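This report walks through selected local features of one model, beginning with loop residues and moving on to helices and ligand surroundings. Please keep the sequence and the structure in view while reading.

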Amino acid sequence: MRWLLVALSVPLSFADDYRIQRATSPIVVDAKLDEAAWRDASPTSDFIFNWHTSGDKEPTEAKLLWDDNNLYVSWRSTDRHISAYVTQRNGPVTRDDCVEIFISPNPQKVTNYYTFEINAIGAMLNRARTDWYTGGAFWDPEGVQYRTSFHGQPSKDESPDDREWIVELAIPLKNFTRDAAHIPPRDGDEWRLNLMRTGGKTNAQQSTWSPIRGEKRSFHTPENFGRVIFVAEAREEAPGQRRGQGGRGGRGMMRRSFNPADVEAGRVLYNRSCTMCHGVDGAVGDRAPALGAGRRYTRVTDAEIFDSIKNGIKGTLMPGLPIKDDDNSKIVTYIQSLRATAVDVPVQGDPQRGAQIFFGKGNCTQCHMIRGQGGIAGPDLSDLGVDRKLDDIRQALTTGKPLPSRGWQPVSVTMKSGASFRGIVKNENPFSLQILGIDSNLHLIDRSQAARIDYDTKPLMPANLDKTLAPTEFQDLLAFLARQARRRDPK
Ligand code: HEC
Ligand code: HEC
């Protein structure tokens, strides 16, 4: 048997879903990436060399941005040997140094995807692999703009000066109307995609943002596409720095204390007067948007919300409502509490009894750590109350996620020897698999010694705690979790 058991001493971090931020400044497509918007954008996690056998693993820094018209993509490829010869449209560009993005705008139908493959001198190949496209092997997207570092050259030979090359791409979102839920996307919309790099004469490595697993060694495996979430807010910056979008919104903005009696009174008033259109408890309703979900609001201050309720919102269905000012203020308090982070809002239940459940019968510490105590197969929850809203925490405990998040892919392995493991995939290649076990050990599995490897489609998180715990126990646990805020500890 050739697997190892390694006790873990260092905290591990994982790649997660990529959040596509709104561009903070206009973008000129010139393969320079010198705009503030690109500087502000976060890169994806490192590309993975799925089938590596030997040679340099040259890194790629990829970023995505969006605005109402375009999805923007950039690749900055470190490369000591840059070569490209294909110039014809839809030619075999992947022989050359080439970058690619494959996009599924509908996460329910990942097999409908669109490809953009661009070599270093700017030849592009596109396909629409969708159930509706009947136009043959290739596809002509509308209005695409792109530039590469060696754009338009008749060829590019390898040179001792080769260091890196850039591709900048703007794809009009209207190309995806057949498959996307919304164009432009709405805050929180999820798509699936993969970013890749391939080809070249010397050291032609293949690497991808989202790892490619399974037998088929192909980029055309949409089941391996990673998850991206469109976010309407610009990235939050460190305190004291410029904040995008005129300084409004963003996490941490709503830090304030809420009077529990006002919040409760506001909730009752809201459920009585507003749920004709909005949903119960601030959820989305039949005729009006959610007031407490993770989206971007046009009315964010107390005064703006108060005014919407008193006078309505012109040009929309939102009417002015005959509500006493005093009651209106309580509704405003309630709405703000829905938008605030969990630690700032009142929660019913006893946090101390909740802690007993967390560290005791709830068995949460099998996978989660709080302040250094517990397991590592799930996320550390020491700052949960600052990172999440109360409703998000409630949802994590009750409805969970339909698919495991990127970085939290569960797997079960049975070895030929009979030993078995369950945990999270940390790293993998065709020969081996690294698993972070629910036993909190790191297992290195030799694939040839494994009898079975099963990738679970559901997250490890047992998300039915409202059913397995008594109602008061559930509330106590929620109260405990909502108070986890190590970052707010006095120094
Ligand atoms: C007749 C239907 C209707 C009723 C009743 C109603 N709303 Fe609305 N409300 C809407 C619609 C539609 C919008 C979206 C307006 C828009 O498109 O900007 C809205 C928007 C809002 C917004 C702004 C959301 C944002 O994006 O910033 C607030 C705040 C709001 N409503 C609060 C309330 C409250 C509180 C009540 C009850 C006191 C209430 N509404 C009752 C239809 C309604
Ligand atoms: C078998 C392992 C396992 C156990 C046991 C477990 N969790 Fe989880 N939990 C996870 C994993 C893995 C995730 C991340 C899932 C994902 O995003 O796909 C998670 C996610 C969460 C989240 C969301 C975190 C966030 O940042 O949004 C909360 C809250 C949570 N768990 C609380 C609990 C509580 C409370 C218990 C005990 C009653 C518990 N978990 C038991 C594995 C576990």
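Asparagine 203 is found in the loop between strand 10 and strand 11 (207-208), where strands (E, at least two residues) and helices (H or I, at least four residues) are DSSP runs numbered from the N terminus. Although asparagine 203 is not a glycine, its phi is positive, at about 50°. Asparagine 203 is partly exposed, with 14 other C-beta atoms within 10 Å; a residue counts as buried if 20 or more other C-beta atoms lie within 10 Å of its own, as exposed if 12 or fewer do, and as partly exposed in between, with C-beta atoms placed from the backbone.

The model is a predicted one, in which local features need pLDDT of at least 70 and side-chain atom pairs count only at pLDDT 80 or more, while totals for chains, interfaces and linings use all residues. Residues are numbered from 1 along each chain as its sequence is written, and chains are lettered from A and ligands numbered from 1 in the order in which they are written.

## Loop residues

Asparagine 90, in the loop between strand 4 (70-78) and strand 5 (98-104), also has a positive phi, near 60°, in a residue other than glycine. The table sets out the burial of four loop residues.

| Residue | Loop | Other C-beta atoms within 10 Å | State |
|---|---|---|---|
| Asparagine 203 | strand 10 to strand 11 | 14 | partly exposed |
| Asparagine 90 | strand 4 to strand 5 | 16 | partly exposed |
| Phenylalanine 176 | strand 9 to strand 10 | 20 | buried |
| Valine 280 | helix 2 to helix 3 | 11 | exposed |

Phenylalanine 176 touches Pro105 and Ile183, not counting residues up to four places away in sequence, with two residues taken to be in contact if their C-beta atoms, placed from the backbone, lie within 7 Å. The C-alpha atoms of phenylalanine 176 and glycine 400, which are 224 residues apart along the chain, are separated by 28 Å. Isoleucine 183 is joined to proline 184 by a cis peptide bond, with omega about -10°, and proline 184 lies in the loop between strand 9 (164-172) and strand 10 (190-198).

Valine 280 touches Asn271 and Thr275, again leaving aside residues up to four places away in sequence. Between the C-alpha atoms of valine 280 and leucine 460, 180 residues apart along the chain, the separation is 30 Å.

## Helices

Helix 4 (residues 325-339) has 15 residues and reaches 21 Å from its first C-alpha to its last, close to the 21 Å expected at 1.5 Å a residue, the expected span being 1.5 Å times one less than the number of residues. Helix 4 is mostly covered, with 11 of its 15 residues buried; among them are Asn328, Lys330, Ile331 and Arg339. The buried residues of helix 4 pack against helix 2 (260-273), helix 3 (302-311) and helix 7.

Helix 5 (residues 351-359) packs with helix 9 at an angle of about 95°, and their axes are 7 Å apart. Axes here are lines fitted to C-alpha atoms, for helices over the stretch in contact, and angles run from 0 to 180 degrees between N-to-C directions. Helix 5 and helix 9 are therefore roughly perpendicular to each other, a description used for angles of 65 to 115 degrees. In this contact, Pro351, Arg353, Gly354, Ala355, Ile357 and Phe358 of helix 5 meet Glu473, Asp476, Leu477, Ala479 and Phe480 of helix 9. By class, the contact has seven nonpolar, one polar and three charged residues, where Ala, Val, Leu, Ile, Met, Phe, Trp, Tyr, Cys and Pro count as nonpolar, Asp, Glu, Lys and Arg as charged, and the others, Gly among them, as polar.

## Ligand surroundings

Around ligand 1 there are 25 residues, the closest being Cys274, Cys277, Ala288, Arg299 and Met318; a residue is near a molecule if its C-beta atom, placed from the backbone, lies within 6 Å of it. Helix 2, helix 3 and helix 4 are the elements that give two or more residues to this shell, and helix 3 gives the most, with three residues. The shell around ligand 1 divides into 18 nonpolar, five polar and two charged residues.

Ligand 2 is surrounded by 28 residues, of which Gly362, Cys364, Cys367, Gly378 and Met461 are the closest. Helix 7 (390-398) and helix 9 (471-482) each supply at least two residues of the shell around ligand 2, and helix 7 gives the most, with three residues. By class, the shell around ligand 2 has 20 nonpolar, six polar and two charged residues.

Terms used: Parallel < 35°, antiparallel > 145°, perpendicular 65-115°, else oblique.
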